[in-house]
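Work through the following exercises with the model open beside the text. Each task is followed by a solution that proceeds step by step.

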Amino acid sequence: MTVAEHMDNSVQNVDIAIVGGAMAGATLALALARLSGTEKPLSIALIEAHLPDNSHPGFDARSIAIAHGSIFELSRLGLWPKLAHLGTAIKDIHVSDRGHFGMTELNASQFHLDALGQVVELERVGQVLFSELNKTQVKRYCPAKLSALIPDIDSHTLVLDSGERICAKLVVAADGLLSKVRSSFNLPITQVAFEQTAIIANLQTDKPHQHWAYERFTETGPLALLPMADSQGQPRLSLVWALDNHRAQTMLNAPKAEFLAELQQAFGYRAGQFIDVSERHAYPLNLSYMPRPIHHRCVFIGNAAQTLHPIAGQGFNLGLRDVVSLLDVLQRALAQGEDIGGVAVTHGYLQAREADRNSTIRNIEFLVRGFSNQYWPLALGRNLGLRLLSWFPPLKTPVAQKAMGWK
C-alpha cells in the first residue's frame, strides 16, 4: 500500500504513541494514564508486537533487581503496590573477586533500610502490568508491529502491519535494542562488543538465601546471584553468568551435572550447594547507546535508548529513570500549555537525561573492562578498592547510592 493510499484511510489521532510495551513502555503507559492535560486526559496509544505471555522477549524467564530508588519512583507512580507481592528483598550484597583477596559487603541495615532492592520475575511482572493496562483508557494495539513511520511537521503517522494508522504528536520509542523507530529515522547508535555471553537460569540450592545477593568477578566476567521466592519450599537463586562466547556455548549445552559442577567451582560454596538448574538461556553481552536519544517529535527510552551489560543490574533502573524524566518534562509542558511533542519537550528530556545516562554508561564500561582483566596492577588496584570499602564503611555510601539507584 502506498503512502497516498494510506492518506485516504481513517487515522486514529492521539497525543502520544508508545512503540513497545515491555517494562519501560508499559510502565510509561500506566504512568501517563494518570496524567491529565489542562482540559482533558491525554490520549495514549501503546503498540506492542507480542502478547504478554512467556513468549514475550521482554517478559521472559529472567529476573531483575529493582533498586531501592526505583521502588521509590514506582511507588510515587502508584505502581509498586501492584507489584510488591512479586518481590523478594535484597537485604545484603556480597561482592568478591575470584582468586584474589578483594571483597566487601553492602547491608541494608547499615543504611537504616529494610532492603537495598527487590528481585522480580519478568514474566509475572508482565502479567500484572498488562492487567493494570486493561483498567485504563490507553488504546492498545497488541499484537501489532510498526510497518512504517511517516514524519510530518506537527505529528508522525505510524502505520501498523494491520494497515491501521495512528497519528501522534509525540512518539516514544520503547521498542528495544533493534528499535524499528530508530531505524525508520536512520539514527545512529554506538555499540561496544565485550565478546561475552550471559547464561541466564534459575538455581535450586540446599540452603535458604536469607536475602543475600552476590556479585563475583571472575576471569571470564561477572557472576551474579539474586535471591528469589521459594518454589514449592525449595530455595532459589537467579543466575547471570558472563562467559566468553565459546565457553558460554559449551556451558549452555553441557549436561546439568557438569554445568552445576563448573558453576560451583567458579562461585564457591558461600551460597550453599547448587542442586538443580532450570532451562538455560544465552544472551550476547554488548553495550549499545544512542548519542542523542531524541529526534523530531520523538524520544527514546529504556533499551531503545541504551542497552547495558548486566554487571551492575542497572538496565531497568536506568530505563525507569528515563520514564520518570520524560513524565516530569511532559507534566511541565501540560501545565504551561505547550505542544506535547515540541522542541521544549524533546530537548528538555535530552537535557534531563544526559548526565545520568553518560555517567552510568561510563561506569558500566569501566566495571566490565576493569573486572574482567587479570593484568596484575589492575587486579591489585580493584582488590585494594574492595578492601578499602570494608575497612572504611563511610566509603560505601556513594557506592550504595549508585547500587540503590539514587542520583
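**Exercise 1: backbone angles**

E195 is found in strand β12 (residues 190–205), where strands (E, at least two residues) and helices (H or I, at least four) are DSSP runs numbered from the N terminus. The model is predicted, so that local features need pLDDT of at least 70 and side-chain atom pairs count only at pLDDT 80 or more, while totals for chains, interfaces and linings use all residues. Residues are numbered from 1 along each chain as its sequence is written, and side-chain values use heavy atoms, with hydrogens and water left out.

Task: determine which sign phi has at E195, and where Q232, which also calls for inspection of its phi, is placed.

Solution. Step one: most residues other than glycine have a negative phi, and most peptide bonds are trans. Step two: E195, although not a glycine, has a positive phi of about 55°, and its relative accessible area of 53% makes E195 exposed (exposed is over 50%, buried under 20%, partly exposed in between, with a 1.4 Å probe and protein chains only). Step three: Q232 lies in the loop between β14 (221–231) and β15 (234–244); its phi is positive as well, about 55°, and Q232 is exposed with a relative accessible area of 85%.

**Exercise 2: a peptide bond**

Task: state what omega is about for the bond that joins C142 and P143.

Solution. Omega is about -5°, and the peptide bond between C142 and P143 is cis; P143 itself sits in the loop between β8 and β9 (146–151).

**Exercise 3: a buried acid**

Task: find which side chain makes a polar contact with the side chain of D92.

Solution. Step one: D92 belongs to strand β5 (residues 92–97). Step two: the partner is the side chain of N107, at 2.7 Å, a polar contact being a pair of N or O atoms within 3.5 Å, of which, within protein, one must be able to donate a hydrogen and the other to accept it, residues adjacent in sequence counting only if both atoms are side-chain atoms. Step three: D92 is buried and has no salt bridge, since the nearest side chain of opposite charge, K91, is 7.5 Å away; a salt bridge is a side-chain nitrogen of Lys or Arg within 4 Å of a carboxyl oxygen of Asp or Glu, and Lys and Arg count as positive, Asp and Glu as negative, with His and the chain ends not counted.
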